[in-house]
Amino acid sequence: MNIEQFNFAGKKAIVRVDFNVPLDENGNVTDDTRIRGALPTLKKVLSDGGSLIMMSHMGKPKGKVKPELSLSQIVKNVSEALGVDVKFAADCANADEAAAALKPGEALLLENLRYYPEEEGKPVGVEKGTPEYDEAKKEMKGRQKDFAKKLASYADCYVMDAFGTAHRKHASTAVIADYFDADNKMLGYLMEKEVKAVDNVLSNIKRPFTAIMGGSKVSTKIGIIENLLGKVDNLILCGGMTYTFAKAQGGNIGKSICENDKLDVALDVMKKAKENGVNLVLGTDCVAADDFSNNANTQVCPSNDIPEGWEGMDAGPVTRKAFAAAIEDAKTILWNGPAGVFEFDNFTDGSRAIAEAIAKATANGAFSLIGGGDSVACINKFGMADKVSYISTGGGALLEAIEGKILPGVAAIKGE
């Protein structure tokens, strides 16, 4: 079913949103991008005359009740964004009465789904790889179905609008869909936009295509890097993984972050890039610091010749120019992951150079897709969100979709 054509009048809709928003130490929302992203879907339910039940996770409580990860902290933000007084159910698995009492035009937010291990469907307190684990996994699968059935019982229809968790086969993102027929389950507006944006990057590539992959570890990005090597013209690898590549080539990296067990992987990536005719852009200089803090002493040095006791914290001036050159002429751009420790104001220059080059290319007609929590936080920090084509709410989901994997949250709706 298509959400645009669906009439929610007189129906209760349970919507899986991604309200896993960052909070400060006082429980205040520091970035409401994900709440705002869900509004078109949520407002459609209410304006049609439907009753709205929102469910989400927050953080990783791993099946335990952790007050600091309670969604009660964001009720005020969601109420203000929606323009209605949102009610709150303090236990997502015992919200029958609260859901039944909802009138058309009213909204309810359920407590953190991951307070229950059944949401993720992973056995708790059993060691992986043991016979006990296999038995516990089988039992948990049944419990996960029961949990999903319970959530489904609150509503007449189901909307999946949490792209950030669409790559997980969780109770609320995939299993719940089994309890609704094809006419009463659908993707929300945000999910439709996300799927279309990924499709736009991969199926409608205008060249040159430049991908920027940042972050600290090669291991978490290797699948996407290998996939991109068959698609892109330019591949920029930056952030902490710079130093794994530098060490793999025999460089000295001081105390910089490095995956010593991935040195051969780094060399293999370089080899494959060459074989595929991809221009692989790696940092040649960096801003190194003598401490992991904003006020540390700094020096610019080659990425492969960092003094002992110092660590690479950001891309250096020569590297920034190389990044910009590979981005500014591009017609398709994908950015996932910062170029340095951008959370510290003194180490934002590399990420800012990337953002500025993307904005310039976008103004010249490129399609730019920004995805992953840190990249989104970067673009928001620099006040440049309106200067790119599309900002994705998903990190892992975006990467898996670009890798060509079928997302369980999409497959459950489309019956794939």
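In the predicted model, the contact between helices α8 and α9 involves Thr244, Phe245, Lys247 and Ala248 on the α8 side, which meet Leu263, Ala266, Leu267, Val269 and Met270 of α9. By character, the residues of this contact comprise 7 nonpolar, 1 polar and 1 charged. Helix α8 covers residues 241–248 and helix α9 residues 263–275; the two pack at an angle of about 90°, and their axes lie 8 Å apart. Since angles of 65 to 115 degrees count as roughly perpendicular, α8 and α9 are therefore roughly perpendicular to each other.

A parallel sheet forms a further element of the model. This open sheet contains 6 strands, arranged in the order β10-β8-β7-β15-β16-β17. Strands β10 (279–282) and β17 (390–391) stand at its edges; each has a single partner strand, so one side of each is left without a neighbour in the sheet. Within the sheet, strand β15 (residues 332–336) runs parallel to strand β16 (residues 367–370), and 4 bridges join the two. Ile333 has Ser368 of β16 as its bridge partner. Helix α11 (residues 349–363) packs on this sheet, where it touches β7 (209–213), β15 and β16. The direction of α11 makes about 155° with that of β15.

Strand β7 also contains Thr210. With a relative accessibility of 0%, Thr210 counts as buried, because the term applies to residues under 20%. The side chain of Thr210 is joined to that of Asn234 by a polar contact of 3.0 Å. In addition, a polar atom of the Thr210 side chain lies 2.6 Å from the backbone oxygen of Ala326. When residues up to four places away in sequence are not counted, Thr210 touches Asn234, Ile236, Ala326, Ile327, Ala330, Thr332, Ile333 and Leu334.

Antiparallel pairing is found in an open sheet of 3 strands, which has the order β12-β11-β14. Its edge strands, β12 (298–302) and β14 (311–315), each pair on one side only. On average, and with direction ignored, neighbouring strands of this sheet are turned by 45° against each other. The pairing of strand β11 (residues 285–289) with β14 is antiparallel and extends over 4 bridges. Among the residues involved, Val287 has Asp314 in β14 as its bridge partner. In general, strands of a sheet pair through backbone hydrogen bonds, in either a parallel or an antiparallel manner. Both arrangements occur here, with parallel pairing in the sheet of 6 strands and antiparallel pairing in the sheet of 3 strands.

How values were computed
Residues numbered from 1 in each chain as written. Predicted model: local features only at pLDDT ≥ 70, side-chain atom pairs only at ≥ 80, totals over all residues. Heavy atoms only, no water. Pairing = 2+ DSSP bridges. Axes fitted to C-alpha atoms, helices over the stretch in contact; angles between N-to-C directions. Parallel < 35°, antiparallel > 145°, perpendicular 65-115°, else oblique. Contact = heavy atoms within 4.5 Å. Nonpolar A, V, L, I, M, F, W, Y, C, P; charged D, E, K, R; others polar. Buried < 20%, exposed > 50% of the residue type's maximum accessible area, 1.4 Å probe, protein only. Polar contact = N/O pair within 3.5 Å; in protein donor to acceptor, adjacent residues only side chain to side chain.
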